[in-house]
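Let's take a walk through a protein structure together. Keep the picture open beside you, and turn it around as you read.

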Amino acid sequence: AMDEEKTRQKAIKLFLSGENVSEICRQLNKSRKWFYKWKRRFVSKPQEEWFKDESKVPKHFPSKRSYQIEQEILAVRKKLQA
């Protein structure tokens, strides 16, 4: 969400201005785990839109082999239902 992105940016802005982590988390009502996740993102890709949610879509696609296995499983299921 938009406000969530703003919150992430605000957290890092506060951190960069010297605010301590506990205080940032208290102000924004977020956990330290949350803070460190976004700090890591910021450090690893400061030039990009690090504060955006990353797609949950897998970065690799199953091979043709797993497609064939899937088809076999579906065929067996159909037989079992029949």
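We will go from the overall layout to the core, then to the charged side chains, and end with a few single residues.

Before we start, please keep in mind that this is a predicted model. The chain has four helices and zero strands, and reading along the sequence gives the pattern α-α-α-α. Helix H1 covers residues 2–16, while H2 spans 21–28 and H3 spans 32–44. Helix H4 runs through 64–81. Of the 82 residues in the chain, buried residues make up 20%.

Now look inside. In soluble globular proteins, nonpolar side chains tend to be buried together. Which residues form the largest nonpolar core here? There are twelve of them: Ala-11, Ile-12, Leu-14, Val-21, Ile-24, Cys-25, Leu-28, Trp-34, Phe-35, Trp-38, Trp-50 and Phe-51. The elements that each supply two or more residues to this core are H1, H2 and H3. Helix H2 gives the most, with four residues.

Two pairs of residues can help you get a feeling for distances around this core. Start with Lys-13, which sits in helix H1. Lys-13 counts as exposed because its relative accessible area is 62%, and over 50% is the cut-off for that word. Its C-alpha atom is 9.8 Å from that of Ile-24, and the two residues are eleven residues apart in sequence. Ile-24 is one of the core residues. The second pair begins with Lys-39 in helix H3. Lys-39 is partly exposed, with a relative accessible area of 25%. Between the C-alpha atoms of Lys-39 and Trp-50 there is a separation of 9.3 Å, and these residues are eleven apart along the chain. Trp-50 also belongs to the list of core residues.

Next come the charged side chains. How many salt bridges does a search of the whole structure find? The search finds five, and we will visit some of them.

One salt bridge joins Lys-30 and Glu-4, with their closest N and O atoms 3.2 Å apart. This pair links distant parts of the chain: Lys-30 is in the loop between H2 and H3, Glu-4 is in helix H1, and their positions lie 26 residues apart in the count. Both partners are partly exposed, Lys-30 at 25% relative accessibility and Glu-4 at 23%.

Another salt bridge brings together the side chains of Asp-53 and Arg-8, at 2.9 Å from N to O. Asp-53 lies in the loop between H3 and H4 and Arg-8 lies in helix H1, so this pair ties together parts that are 45 residues apart in sequence. Are the two partners buried or exposed? Asp-53 counts as partly exposed, at 45% relative accessibility. Arg-8, in contrast, is buried, because its relative accessible area is 5% and buried means under 20%. You can also view these two pairs as one picture, since Glu-4, Arg-8, Lys-30 and Asp-53 are linked in a network of salt bridges.

A further salt bridge stays within one helix. Arg-26 pairs with Glu-23, and their closest N and O atoms are 2.7 Å apart. Both residues lie in helix H2, three residues apart, which is about one turn of the helix. Arg-26 counts as exposed at 59% relative accessibility, whereas Glu-23 counts as partly exposed at 23%.

Charged residues also gather at the surface. Lys-33, Lys-37, Arg-40 and Lys-56 form a positive surface patch. Among them, Lys-37 lies in helix H3 and counts as partly exposed, at 34% relative accessibility.

Our last stop is a residue with an unusual backbone angle. Most residues other than glycine have a negative phi. Where does Asn-29 lie? You will find Asn-29 in the loop between H2 and H3. Its phi is positive, about 60 degrees, although Asn-29 is not a glycine. Asn-29 is exposed, with a relative accessible area of 69%.

To finish, turn the model once more and look for two things: the core to which H2 gives four residues, and the salt-bridge network of Glu-4, Arg-8, Lys-30 and Asp-53.

How values were computed
Residues are numbered from 1 along each chain as its sequence is written. This is a predicted model: local features need pLDDT of at least 70, side-chain atom pairs count only at pLDDT 80 or more; totals for chains, interfaces and linings use all residues. Side-chain values use heavy atoms; hydrogens and water are left out. A salt bridge is a side-chain nitrogen of Lys or Arg within 4 Å of a carboxyl oxygen of Asp or Glu. Buried means under 20% relative accessible area, exposed over 50%, partly exposed in between (1.4 Å probe, protein chains only). Patches are made of residues with over 30% relative accessible area and no salt bridge: like charges are joined within 9 Å, nonpolar side chains (Val, Leu, Ile, Met, Phe, Trp, Tyr) within 5 Å. Accessible areas come from the Shrake-Rupley method with a 1.4 Å probe; for residues, only the protein chains shown count as cover. Lys and Arg count as positive and Asp and Glu as negative; His and the chain ends are not counted. The place of a charge is taken as NZ of Lys, CZ of Arg, CG of Asp or CD of Glu. A nonpolar core is a set of buried Ala, Val, Leu, Ile, Met, Phe, Trp, Tyr and Cys residues joined through side-chain atoms within 4.5 Å.
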